[in-house]
Amino acid sequence: MNDLYLTLHVIGAVAWVGASTLFHITGRRVVAANDQQSLRQFFRDGEYFSTRYFIPVALLTVAMGVALVLSDKYLEFSDPFVSMGLTMFIVSFVMGAGFLGPQTGKLLKRLDAGEFETPAVQSQVKRVLTVSSIELLLLWATVVVMVVKPG
Ligand code: HEM
């Protein structure tokens, strides 16, 4: 097994899963505080870090994962833990680019328009937190799959 690929793969995974966990906990604290300024800043940070941090570390994780499989004759993309890792990467990417990203942009516009107290914004914030919880659980499940390597 190529130690450089594995090291970079695990560094990518740690940076991705660790930051996602802390960002989610921060989000729950900000929502519980029910403060418009903090909520707006939290979503601005979400927009800032998604393209400058989360996408690069996710791409590093998957690129080094693929390199590991291609460089090792005992590993196949059909290995259950590998296909689960790939599926998780795709699901997380779709959740991020297809839902969390656009929703964050829409929420920021509504917060800038002073709609913080409206039931629509409050329920939209809850929906974003729910989807982000599901994504985080899937990320943690992938770490377990990568260590246990079922099948
Ligand atoms: C969310 C995405 C992923 C996360 C969080 C993740 C995390 C990890 C972790 C923590 C390890 C170290 C496990 C250990 O040493 O016991 C690992 C190993 C590995 N990962 Fe991933 N991984 C992900 C996606 C992928 C993908 C997409 C691939 C392949 C295309 C992949 C291929 C591998 C391989 C080949 C190993 C080495 C397994 C071994 O030690 O035999 N991973 N991964």
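**Ligand shell and helices of a predicted model**

Me: What makes the pair formed by a polar side-chain atom of K149 and an oxygen atom of the ligand a polar contact?
Reply: The two atoms lie 3.4 Å apart, and a polar contact is a pair of N or O atoms within 3.5 Å, so the pair qualifies. H9 also places a polar side-chain atom 2.8 Å from a ligand nitrogen atom. This is a predicted model, in which local features need pLDDT of at least 70 and side-chain atom pairs pLDDT 80 or more, while totals for chains, interfaces and linings use all residues. Residues are numbered from 1 along each chain as its sequence is written, and side-chain values use heavy atoms, without hydrogens and water.

Me: Which residues surrounding the ligand are the closest?
Reply: They are H9, W16, G65, M146 and K149, among 24 residues around the ligand; a residue counts if one of its heavy atoms lies within 4 Å. α2 (36-71) gives the most to this shell, with 6 residues.

Me: How do you know that the span of α4 agrees with its number of residues?
Reply: Helices are DSSP runs (H or I, at least four residues). The expected span is 1.5 Å times one less than the number of residues, so the 30 residues of α4 (119-148) should span 44 Å, and the end C-alpha atoms, 43 Å apart, agree. Just after α4, K149 has a positive phi of about 50°.

Me: Why are α2 and α3 called roughly antiparallel?
Reply: Their packing angle is about 160°, with the axes 10 Å apart. Angles over 145 degrees count as roughly antiparallel, and therefore α2 is roughly antiparallel to α3.

Methods: Helices (H or I, at least four residues) and strands (E, at least two) are DSSP runs, numbered from the N terminus. A polar contact is a pair of N or O atoms within 3.5 Å; within protein, one must be able to donate a hydrogen and the other to accept it, and residues adjacent in sequence count only if both atoms are side-chain atoms. Axes are lines fitted to C-alpha atoms, for helices over the stretch in contact, and angles run from 0 to 180 degrees between N-to-C directions. Angles under 35 degrees count as roughly parallel, over 145 as roughly antiparallel, 65 to 115 as roughly perpendicular and the rest as oblique.
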